[in-house]
Structure formats: C-alpha cells, structure tokens
Amino acid sequence: MSLAVEVVAKQAAEEEETVNLMTRYKHAELEDDVSSVGSVQLAEGVSSTTTHIRYHPGTPICPPQWTAYWKSRSRLERILFSVSAGLIALLVVFVLLLFTHPACHRRPVEDTMPCLSPVCVQASANMLRAMDETTDPCDDFYTYACGGWVAANPIPDGKSMWGTFTKLEQQNQQILKTALEKPYKELHSESEAKAKRYYMSCIDLNETMEALGGKPMLDLLDKIGGWNITTPKWSVNQAANWSLQKTLHKLHNGLNMGGLFSWSIGEDDRNSSRNVIQIDQGGLTLPTRDNYLNKTENEKVLHAYLEYMSKIGTLLGGEEAGTREQMQAVVDFETRLANITEPLELRRDEEKLYNLMSLTELNEKAPFIDWVAYFSDAMRLVNRKVTPKTPVVVYAPQYLQKLSDLLKEYTNTTEGKTVLNNYLVWQTVRSLTVALSKAFRDAYRGLRKALIGSEGGEEPWRFCVTDTNNVVGFATGAMFVREVYKNDIRPGAEEMVDMVRNAFKRNLKRLDWMDEETRVAAMQKADAITKMIGYPDYILVASELDKKYEDLKFKEDEYFNNNVELSRFNLRANLKKLDEPVNKTRWSMTPPTVNAFYTPTKNQIAIPYGILQPPFYDTRTQNALNYGAMGVIMGHELTHAFDDQGREYDATGNLHNWWNNQTIDRFKSRASCLVNQYSAFNVNKKAVNGNLTLGENIADNGGLKAAYHAYETWAAQNRDEQSLPGLNLTQKQLFFVAFAQVWCSASTQEAAKLQLEKDPHAPSKHRVLGPLSNMEEFSQVWKCKPGSNMNPVNKCEVW
C-alpha cells in the first residue's frame, strides 16, 4: 500500500533506485496501490516516484552514418557484417540458379537463412556477449544466459546495483537531459517551462545553494517554532507547553512532511468509484524495521545513521556533544516505533488490512490527537470540510492503538515532548537537506554506504534529471515522447497485451483446481482488465497539461523553496480528490519510466513508453525476443490481477470475496508451494522471504507461461522468423534467453541484503531460475532431463 502524501529525504532516492531498478515490476505515483515489474522503493524521496533514469548509449534511435557506425561496432559485429556481405553475394547467385531450375518449387531459401540486418546482427552480438555458453542451460540457466554479462559488467563506481533496467534508464535520462536543456522558446507548454525551471534550480549554475548554506533551513525552522537541536528560542517553557496536535498541523498539513503515521486520499478498496481518507503505519527513517530491531546485524547502519543525524544538526549550528545525545534519543524513539510496526510479510491479506470507520471511531481507538480537528485543518487548504461521521479506512488499527500508548508516555514529561519535537522536526529537516549546500548533501554518504554499499557520486545533472522527472513527470513525459517516438508503436504493444491475455484465459480453462463458477468470474475479470500503453494523450495537448500543473510555481534559482512549494502542491492535489469521482484512466507512472504496473482498484495495467524500447521491445527484430522480454512483463502485470492480493479484487476493482471457499483453499495450497520453493533460495547465505515475495513470484511464474503460450499462438499464425546469426538457437530457445537476459544484474552485498528485507520481488537470479524450473515447456525446449536443476521432479504451479 503506497500512502504518500508525506515527502521525505531526497538523498534516499539513490538507495530507492538501486534495488528498484534491478527487480522491476513495482510502485507508481505515490497515491496508488499498484503492483509492478520492478521492486519497491527502499526508502522515500522528497520528490520521488519510481522513475529512476540513467544513461547508456544503447541502440540508436535513428540510423547512424555508415562510417561512424562501422567504427563503433565490436570486432565480433564487424566479422558478422563481413560474413553477411559474402553470404548475401552467394545468396544472390544461388537464388538466380534456383529460379532457373524448372523442377524447383520449394519454399524460398531466404527463410532458412539467418537475419543479417544491422538490427539482427546487433541483437545477436548483444545476446552472445551476455551469455556463458560453457554453462549447461539445464544446470543453471541464469548463468548460461547472463554469465558473460556479469563478468563484463562490474558495478560502476558510485552504484550499488547495475543491470538491464539501469542501462535503459540511463539512456532515457540522457534523452531527458537533452530536452530539458533546450531553450525556453523551443518548449511546447508552460508545464515544460516549469520542468526546465525546476531542473535549472537543481543544477544551480550560479551556485546559489553554496552561497546560502543552511540559511533556508534555519529560516524554515524559525517559522515552525524552532528545533531544540539548533534554536536558542527553544526553551523549557516551550517544551512544557508543546502540543503534538499543533505540531502535526504545522508539519504534516502545513509542509506535507512525515512522521508517526502516513495518510492519503485514495480509492476505497471496497467501493473503487469513490475516494476516501486512508491511514497506515509509518514514521521510520531507515528502510526497514529490522534495521532498528536487529542491532547486531545492523550495527554499522545504526552507527552511520546517528553520524548522519549529528552532522546535519551540527551543520545547522548545533553543539556537537549535545546534538549527538539528542539525536540518539530520536533513534531510540524510532526504535520503539519499529517495535510496534507490523512486518511487511504479515500485511498481504487485503481483507484483513481493510478497516472502515468514522473519524469518531478513530478518535476512540487512537486518541493521541483529535482526528476531526486534524483533518479539518488539512482540508481547509482546499476549502473542504470533514465531520465526525467522515469515513476513513485504517490499514493498521493495532499500530495506531499502540502508538497512542507510546505517545502518552512521551507527552507526560518535558523531556519526552522535546524528543517528540526533535523527531518530528528531524523528519522535515532530512527531507530538505538535499536542497542545501554540498556539505549537507555529502553528510548522507556514510549512511548510504552502510545501507547499500556505495557512497554515490553521480554527476549532478543525472540526479537533477531524475528529480525533475519525479516532480513534473508528465511534462518531462511529453518531452520524452516527442524526442523518442516519431511513430506510434502503441497498436503493436496493445495487440501483444491482448495475445498474452488470451493465452492466460485459455490456461484458465485447463486448471482442474478451480470450480466452474469461480473460473467464469475469473474469465470475466481477465476480460475486464483495461490497458494503458505508452502515455496519456493529454500530455501532448498544452492546455490540458498546463491545467495539471497550473498551481505549481518554480523559480530558477530557488531549489529549496521550489521543494517546499512542491510539497505543498502535492498535498493540495491529493486533498482535492476527496470530493472528486475516481479517474479510472489516471496514469501513475510517467512515460519515461522503465517499468510497468497493475492497479487492483482499477483492474488495469499500464506499460509506459520508457520500457517499450530495446532490449525489451523492438518492432524491427524477432517476436521471439519481444515476447520473451516485453511479453513476459505484460503477462506479469496481468497475472497480478490473480495473485494472493489481486485475486481479492473483482472485475470492477472492488475488494470482496468472489471465490468459492474450496477453491480459495486449493489456491492457498498451491501458493504455499511457491512460498516454500522461494524460501529455499538464498543470496549471500541469507534466505529469500517466500511470504514477502509471494505476489510477485505468482506474477513471475504466471506471466512467463502466458507470454510463452501467446508466442506459440503468434508463431503458429505467422511465417517462420529467421534465426539470429551466430546463435545456434531455435526461436523458442531465443524466447527463454531474451526473458532471462532482462534480469542480468549485479549488486553490492549491502544492497542485496536490503532488497531481501524490503523488496516484495525475489532477487533477479531467482526471478529466472524459479519460474523456468517450474515450467514444463522450458524443459521440453531445452531437453532438460527430469531431476536436473532446471527440471525438478516436483514443480509449483498456480496459474
């Protein structure tokens, strides 16, 4: 559940991105509850959605000049080109001889020849470079498909993870940089001009941030009543008279900052046509509760966190020893929050999570603040009102009850009130330090190193492009679409979605564990899944795009103030949804995003343009490759409609039980097979959490099968495709190699550990090995003997 009206530290965007990029299939714009190809964010960022874009000079969008093209090719590619030229000459002679022979009525010989176009040669070279053909594909298909890639792609300096997704995102980032640096007169809308202004404020060519130092933050602290760490105005008298209610009004509702809990306006799970206030647990700074509670294993992380907090405090004027002591008290309080926070793997049953109540009932369950007054204060920003009868959905009632007891203890003493104020103001400070001078930004390096094994250090423009796309992603999305797509590729992608959907439906008919009534309802739900491909059309209409961002104001030389303005804008935009009907066609991910997602309350999948590029999708190459890469992603998202959480929503996106009880039991039995299978996988001797990753594992397995069967159908209806040169592989074998190479990746040990604790996706290697070892068709295509690693006797199957 992504509830993010709150906005928190942008420095964490790097660690979000590291795990996010490798295990793609998750999370969109912060309000929506979605399942996606990529992984969940590892931390939250001031203006971060899940678009993380980096540059890699991959397949050129326009054909290069021949001389430059030839010089840029590898030795293997030059050899293949030379061989192809000779073959073509021989082919011409052979064809002339063939057609002069009166008895020859066979199929044209071209069909037996490999594809020798530049696109095919490059695709073949890329595949070959990534593979390790010395590995038996029936022993370890991941190493067979990706061993060469892993050997040739050490993690770049400053990165904690690296892979296929990251490379494409870097290419997209370069495209956005070019668009954002165009003169204002060449932009197509005021929204694009706002994107450029924000980008320029982040680049800070005039070094305004360096000149100001910590002053913008100190001015903000003074406006909100001070901080005991840095402000002389904070006194014992202030602490005694301190009010939690008023502080939350100022920080949550005035600045849209986080702390203690999270809330948002979103679609009601049981009535997806209306928006409702949603409240959940929240308030931890570190990525997982385990970071606080497992002190032995996370000793380095906790030490680095305290160092980071203390550095920021002293940079803002705090006395070193006193700052460290007070920050330790904040860490101790967050540890107690972690202790009452429910683990992610126990929060997978949507029916149990959903608790509808009135604000009056919430006041009775969690009386640490007056909830009517709290939401009335928020809603005044958009001239809305709430009453004691206003409904709210609470996803963590036990957490809020325990939080009430904890806050009662702290608010009973002056010292406790000081700790609470320090904690809440810290949530604001850490959210905005990235918009201060270099010394503040560098303070995060040590914590980042402890969390994900890398201090960072990318060029500023890369961060600023990513940040801008996170902030005004549909304005940058319009720029991206104009730069990249001269022809509309959406019809072909839409056709592929329908092919995969039909294959999934055909498979439903053969499942012997479903009762007929549930099967019919499942077919209806599959038919009802809507698809959004590429981008929303409105972004290319200046007047409509400008309306989206009309209340957002940016200045070129005020990055800190721009972020404060952005935070307030996001809050107002979310609050306005309370009285508005649900927009079922609203996009969550921005067009440049290298990801895809499914939204259960809309029963909808979306495939942004950012991922509809090589190596995922290329209309010029074999469909075996397209179905193996992009088709599996589409199948993954479709299958999310029927995973352990998605299955609880019906065809209209409403949460209710539409399954036969005995069929539910059989589903859970089959799902438990996957839990056990994936729990046996490990990375660096640390086990995968089969319960946490269950939904994504169901989608991975079901998506692969649906895409393969869809490709079989396509192949049966079309002429045989030419093989790729230099690869002695059938089209079906190419399908599986293309699928596996999507997940070629490497990561630091720290990032891998954090992924296992936080991410609902399995590690990349096991996203290949798990589904393939469960798929009988894979073993048939590769002739894997029963009992081999890739063809175990006992297999798991849900869909």
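A salt bridge is a side-chain nitrogen of Lys or Arg within 4 Å of a carboxyl oxygen of Asp or Glu. Keep that rule in mind as we walk through the structure above, which is a predicted model where local features need pLDDT of at least 70, side-chain atom pairs count only at pLDDT 80 or more, and totals for chains, interfaces and linings use all residues. Residues are numbered from 1 along each chain as its sequence is written, and side-chain values use heavy atoms, with hydrogens and water left out.

Let us start with the whole protein. Its secondary structure comes to 34 helices and 13 strands; these are DSSP runs numbered from the N terminus, with helices (H or I) of at least four residues and strands (E) of at least two. Of the 799 residues, 62% are buried, where buried means under 20% relative accessible area, exposed means over 50%, and partly exposed is in between, with a 1.4 Å probe and protein chains only. The protein exposes about 30900 Å², and carbon and sulfur atoms supply 52% of that area; accessible areas come from the Shrake-Rupley method with a 1.4 Å probe, and for residues only the protein chains shown count as cover. As for contacts (heavy atoms within 4.5 Å), 77% of those with a separation of 6 or more are between residues 24 or more positions apart.

Now back to the salt bridges. By the rule above, the count comes to 38. One of them joins the side chains of Glu409 and Arg336, with N to O at 2.8 Å. This pair links distant parts of the chain: Glu409 belongs to helix H18 (residues 397–410) and Arg336 to helix H14 (residues 320–340), 73 residues apart. Glu409 is partly exposed at 42% relative accessibility, and Arg336 is also partly exposed, at 33%.

Further along the chain, Glu776 forms a salt bridge with Lys795, and their closest N and O atoms are 3.8 Å apart. Because Glu776 lies in helix H34 and Lys795 in the segment after H34, the pair ties together parts that are 19 residues apart in sequence. Glu776 counts as partly exposed at 38% relative accessibility, as does Lys795 at 23%.

Another salt bridge brings Arg670 and Glu797 together, at 3.8 Å from N to O. Here too distant parts of the chain are linked: Arg670 is in helix H29 (residues 661–679), while Glu797 is in the segment after helix H34 (776–782), 127 residues apart. Arg670 is partly exposed with a relative accessible area of 24%, and Glu797 is partly exposed with 25%. Both residues belong to a network, in which salt bridges that share partners join Arg510, Asp512, Arg670, Lys705 and Glu797.

Next come the aromatic rings. A pair of aromatic rings is described by the distance of the centres and the angle of the planes. Rings of Phe, Tyr and Trp (its six-membered ring) pair if their centres lie within 6.5 Å, and planes under 30 degrees apart count as stacked, over 60 as edge-to-face and the rest as tilted. By this rule the count comes to 45 aromatic pairs. In one of them, the rings of Trp659 and Trp799 have their centres 6.1 Å apart and their planes at 70 degrees, so the pair is edge-to-face. Trp659 lies in the loop between helix H28 (623–639) and H29, and Trp799 in the segment after H34, so the pair ties together parts that are 140 residues apart in sequence. Trp659 is buried, with a relative accessible area of 5%, and Trp799 is buried at 3%.

Trp659 has a charged partner as well: Arg647 lies over its face, at 5.0 Å from the ring centre. A charge sits over a ring if NZ of Lys or CZ of Arg is within 6 Å of the ring centre and within 35 degrees of the ring normal. Lys196 likewise lies over the face of Tyr184, at 5.2 Å from the ring centre.

Phe141, Tyr144, Tyr627, Tyr708, Tyr711, Trp714, Phe735, Phe736, Phe778 and Trp782 form one aromatic cluster. Trp782 leads us to our last stop, because Gln733, buried with a relative accessible area of 13%, touches Asn728, Val781 and Trp782, not counting residues up to four places away in sequence. Gln733 is found in helix H31 (residues 731–741), and Gln741 has its place in H31 too. Gln741 is buried at 13% relative accessibility. With the same neighbours in sequence left out, Gln741 touches Met127, Ala130, Met131, Ala145, Cys146 and Thr164.
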